Structures are given as structure tokens and as C-alpha cells.
Amino acid sequence: MANSASGMAVHDDCKLKFLELKTKRAFRFIVFKIEEKQIIVEKLGEPAESYEDFCTHLPADECRYAVYDFDFLTTESVPKSRIFFIAWCPETSKVRSKMIYASSKDRFKRELDGIQIELQATDPTEMGLDVFKSRAN
């Protein structure tokens, strides 16, 4: 099942691992990358891993997609979580890479049923914890 816009296929593991994150909370985050014309799982973050751990898995000069299960307290102190989809495209990544990731993003996101909030980031400040908190509420 290639993506008609970019020719990218989505590896079945992407959907399976996302389902485990969403239903069983088996992972804190998943980092995906495009490799040989398909989107694959690059890294699975254990539930105990932190936001800082997650950030270390996003390369400074390469694009990635990521999903992050963000836990927070509402203003009424009720614990909740939101599943964020992050399109990570640093300014320093190659133009071709940015184009491929941009053209594949919407279809890939649709494959992951249950994404609640989307972020696009070109540097770490665009996806800081403060951004997560303000978007989650």
C-alpha cells in the first residue's frame, strides 16, 4: 500500500506498535523513519522513559515522525493523557528529505487511528513541554 503522493509504504509494525501504545500504554513514545521507500519503527520508548529521553531520539539534522503519549493533570487535577503526532523536520535536514516527509505525513497520520494532537517542529523549542501542556488542555 504505497502512498500515492510520495510512493511510501507504511510497515505493518508501525500500526501494530501504535495500537499497543494507544490501548495498552506499552510505550511512552515511538519514533518512525522513512527507509527504502517505507515508513518503519526506529525506536520504541519504554513507559518509564521521560520527555527528555524522547527528545534525544530525534536527530538534529534528519526528519522523523514521532508519537508521544503525554500525561498531564487538568486544571481540576484530573490525570489525563493525549497522543501527540510530531512531524520533526529540522532546518538543517536535506531538502529532499523534508519534501518526502511532508508529502507522506497526512496519509501516515491517517494510518495511526487515535492521534489527538499534531505538532510540526523544526527545532526543539517548537515542541517543548510547555507547548505540549498548552496544546493538551
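This passage walks through the sheet, a helix, a salt-bridge network and a buried tyrosine of one model. The model is a predicted one.

The sheet is a good place to start. Six strands make up an open sheet, and their order across it is E1-E3-E2-E4-E5-E6. The pairing within this sheet is mixed. E1 and E6 stand at the edges with a single partner strand each, so one side of each has no neighbour in the sheet. Further in, E2 and E4 run antiparallel to one another and are joined over 4 bridges. Here Phe29 has Tyr68 of E4 as its bridge partner. E4 in turn pairs with E5, again in the antiparallel sense, over 10 bridges. Within that pairing, Ala66 is found opposite Ile86 of E5. E4 and E5 form a hairpin with 5 residues between the strands, and in this hairpin Ser77 adopts a positive phi near 65°.

On its way to the edge of the sheet, the pairing takes another sense. E5 and strand E6, which spans residues 117-121, pair in the parallel sense over 5 bridges. Ala87 has Gln120 of E6 as its bridge partner. Between these two strands the chain passes through H3, and the resulting β-α-β crossover from E5 to E6 is right-handed.

Attention now turns to helix H1. This helix covers residues 12-24, 13 residues in total. From its first C-alpha to its last it reaches 18 Å, close to the 18 Å expected at 1.5 Å a residue. Cys14, Lys17, Phe18 and Leu21 are the buried residues in H1. Viewed down the helix axis, the buried residues of H1 fall within an arc of 105°, and they therefore line one face of the helix. The face turned away from the buried side of H1 carries Asp12, Thr23 and Lys24, which are exposed. Several elements help to cover the buried residues of H1: among them are strand E1 (9-10), strand E2 (29-35), strand E3 (38-45), strand E4 (64-73) and strand E5 (79-88). Helix H3 (95-111) is also included in this cover. Just after H1, Arg25 takes a positive phi of about 55°.

The charged side chains tell a story of their own. The structure holds 12 salt bridges. A network of such bridges links Lys33, Glu35, Glu42, Glu62 and Arg64. In general, side chains of opposite charge can pair when their charged atoms come close. Within the network, Lys33 meets Glu35 in a salt bridge at 3.1 Å, N to O. The side chain of Lys33 also meets that of Glu42 in a salt bridge, at 3.7 Å, N to O. Lys33 has a relative accessibility of 19%, and it counts as buried because the limit for that class is under 20%. Glu35, at 33% relative accessibility, counts as partly exposed.

Glu42 has a further partner in this network, since its side chain and that of Arg64 meet in a salt bridge at 2.8 Å, N to O. This pair links distant parts of the chain, with Glu42 in strand E3 and Arg64 in strand E4, 22 residues apart. What is the burial of these two partners? Glu42 is partly exposed, with a relative accessible area of 33%. Arg64 is buried, with a relative accessible area of 6%.

Finally, Tyr101 brings several of these elements together. Tyr101 is a residue of helix H3, and at 5% relative accessibility Tyr101 counts as buried. Which residues does Tyr101 touch, leaving aside those up to four places away in sequence? Its contacts are Lys33, Ile34, Cys63, Arg64, Tyr65 and Cys89. Lys33 and Arg64, touched by Tyr101, are also members of the salt-bridge network described above. Tyr101 and Leu21 are 80 residues apart in sequence, and their C-alpha atoms are 22 Å apart in space.

Conventions:
Residues are numbered from 1 along each chain as its sequence is written. This is a predicted model: local features need pLDDT of at least 70, side-chain atom pairs count only at pLDDT 80 or more; totals for chains, interfaces and linings use all residues. Side-chain values use heavy atoms; hydrogens and water are left out. The expected span of a helix is 1.5 Å times one less than its number of residues. Buried means under 20% relative accessible area, exposed over 50%, partly exposed in between (1.4 Å probe, protein chains only). The arc is that of the directions from the helix axis to the C-beta atoms. Contact means heavy atoms within 4.5 Å. A salt bridge is a side-chain nitrogen of Lys or Arg within 4 Å of a carboxyl oxygen of Asp or Glu. Two strands pair if DSSP finds at least two bridges between them. A crossover is right-handed if, with the strands pointing away from the viewer, the path from the first strand over the helix to the second runs clockwise.
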